[in-house]
Amino acid sequence: MTLFNEVTPTAEDANVRRITIKVNGESRTVDVEPRVLLAHLIRQGLKMTGTHTGCDTTNCGACTVLVEGKAVYACSVLAMSMEGKKVLTVEGLRDGEKLHPIQQAFLDEQAGQCGYCLSGIVISTKALLDRNPAPSRADIVAALGNDSPWRVRSVTMIVRPPPLRSFLKFGETR
């Protein structure tokens, strides 16, 4: 038995539960074991590999996704708790082949280091701008700059003078 199966009933195992979640605007029905984390469901179960798992301890933020508009570490959330919820991953920001303005701004400013945790930073930036369209430098650091060494350079690039104005001013295109 696998940890999760998409739309394949596994009634022989009483621990498996069928849930329906909306990921990037698309309803997905999956069978999951109670121990499966949202990050693993997204990556292995739904084959969306933009959400990374780095530490599995909520330290690095590489697994950040939006759940009902709020940034959460997908490595700390059980997939079963997502029943009926809306989840947005970095893949859901794109419009076909066109990058979201936040993604484009990070690319333009070369704000990623190795890029591994960048998807989490981009999603965290979206959450920040959704709740505060004109964040201060301190707001940006508070929202994006945890103590993870993986994030340090990216956040330094984001808040360097001037901050990434190209995404701090796009407002209505969020």
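Student: What percentage of the 174 residues of the protein chain count as buried?
Tutor: Bear in mind that this is a predicted model. A residue counts as buried when its relative accessible area is under 20%. Of the 174 residues in the protein chain, the share that counts as buried is 45%.

Student: How many helices and strands does the protein chain have?
Tutor: Start with the order of elements. From the N terminus, the chain runs β-β-β-α-β-β-β-α-α-α-α-α. The secondary structure comes to 6 helices and 6 strands.

Student: How do strands β2 and β3 run, parallel or antiparallel?
Tutor: Strand β2 covers residues 17-23, and strand β3 covers residues 26-32. The two are joined by 7 bridges. K22 stands opposite S27 in β3. The direction of this pair is antiparallel.

Student: Which residue in the turn of the β2 and β3 hairpin has a positive phi?
Tutor: The hairpin leaves 2 residues between its strands. Most residues other than glycine have a negative phi. One residue in this turn has a positive phi of about 55°, although it is not a glycine. That residue is N24.

Student: Is N24 buried, partly exposed or exposed?
Tutor: N24 lies in the loop between β2 and β3. Its relative accessible area is 24%. Buried needs under 20% and exposed needs over 50%, with partly exposed in between. Therefore N24 is partly exposed.

Student: How many bridges pair β4 and β5?
Tutor: These two strands also form a hairpin, with 2 residues between them. L66 stands opposite A71 in β5. The strands pair in the antiparallel sense, and the number of bridges is 4.

Student: Which residue in the turn of the β4 and β5 hairpin has a positive phi?
Tutor: Look in the loop between β4 and β5. The residue there is not a glycine, yet its phi is near 55°, a positive value. The residue in the turn is E68.

Student: Which residue takes a positive phi just after α1?
Tutor: Helix α1 covers residues 38-45. Just after α1, a phi of about 60° appears. The residue that takes this value is K47.

Student: How many of the 8 residues of α1 are buried?
Tutor: The buried residues of α1 are L38, A39, L41, I42, R43 and G45. The helix is largely enclosed by the rest of the structure, because the buried count out of 8 residues is 6.

Student: What is the relative accessible area of I42?
Tutor: I42 lies in helix α1. Its C-alpha is 9.7 Å from that of V87, although the two are 45 residues apart in sequence. I42 is buried, and its relative accessible area is 0%.

Student: Which element gives the most to the largest nonpolar core?
Tutor: This core has 22 residues. Those with the most contacts inside it are L38, L41, V65, V67, M82 and V87. β2, β3, α1 and β4 each supply at least two residues. With 4 residues, the element that gives the most is α1.

Student: How far apart are the end C-alpha atoms of α3?
Tutor: Helix α3 has 14 residues. At 1.5 Å a residue, the helix should span 20 Å. The model agrees, because the distance between its end C-alpha atoms is 20 Å.

Student: How many of the 14 residues of α3 are buried?
Tutor: The helix is mostly covered. Among its buried residues are L118, I121, V122, I123 and L128. Of its 14 residues, the number buried is 12.

Student: What separates the C-alpha atoms of G120 and V65?
Tutor: G120 lies in helix α3. It is buried, with a relative accessible area of 0%. G120 and V65 are 55 residues apart along the chain, but the separation of their C-alpha atoms is 6.8 Å.

Student: Which elements give two or more residues to the lining of the largest pocket?
Tutor: Residues lining this pocket include Q103, F106, L107, L118, S119 and V122. Helix α2 covers 101-109, and helix α3 covers 118-131. The elements giving two or more lining residues are α2 and α3.

Student: How many charged residues does the lining of the largest pocket have?
Tutor: About 220 Å³ of space lies in this pocket. E91 and R94 are among the residues that line it. The lining has 6 nonpolar and 4 polar residues, and its number of charged residues is 2.

Conventions. Residues numbered from 1 in each chain as written. Predicted model: local features only at pLDDT ≥ 70, side-chain atom pairs only at ≥ 80, totals over all residues. Heavy atoms only, no water. 1 Å grid on protein atoms, 1.4 Å probe; cavity = no way out; pocket = protein on both sides within 12 Å on 5 of 7 lines; lining within 4 Å. Points joined across faces, edges and corners; volume = space filled by probe spheres on them. Nonpolar A, V, L, I, M, F, W, Y, C, P; charged D, E, K, R; others polar. Buried < 20%, exposed > 50% of the residue type's maximum accessible area, 1.4 Å probe, protein only. Pairing = 2+ DSSP bridges. Expected span 1.5 Å × (residues − 1). Core = buried A, V, L, I, M, F, W, Y, C linked by side-chain atoms within 4.5 Å.
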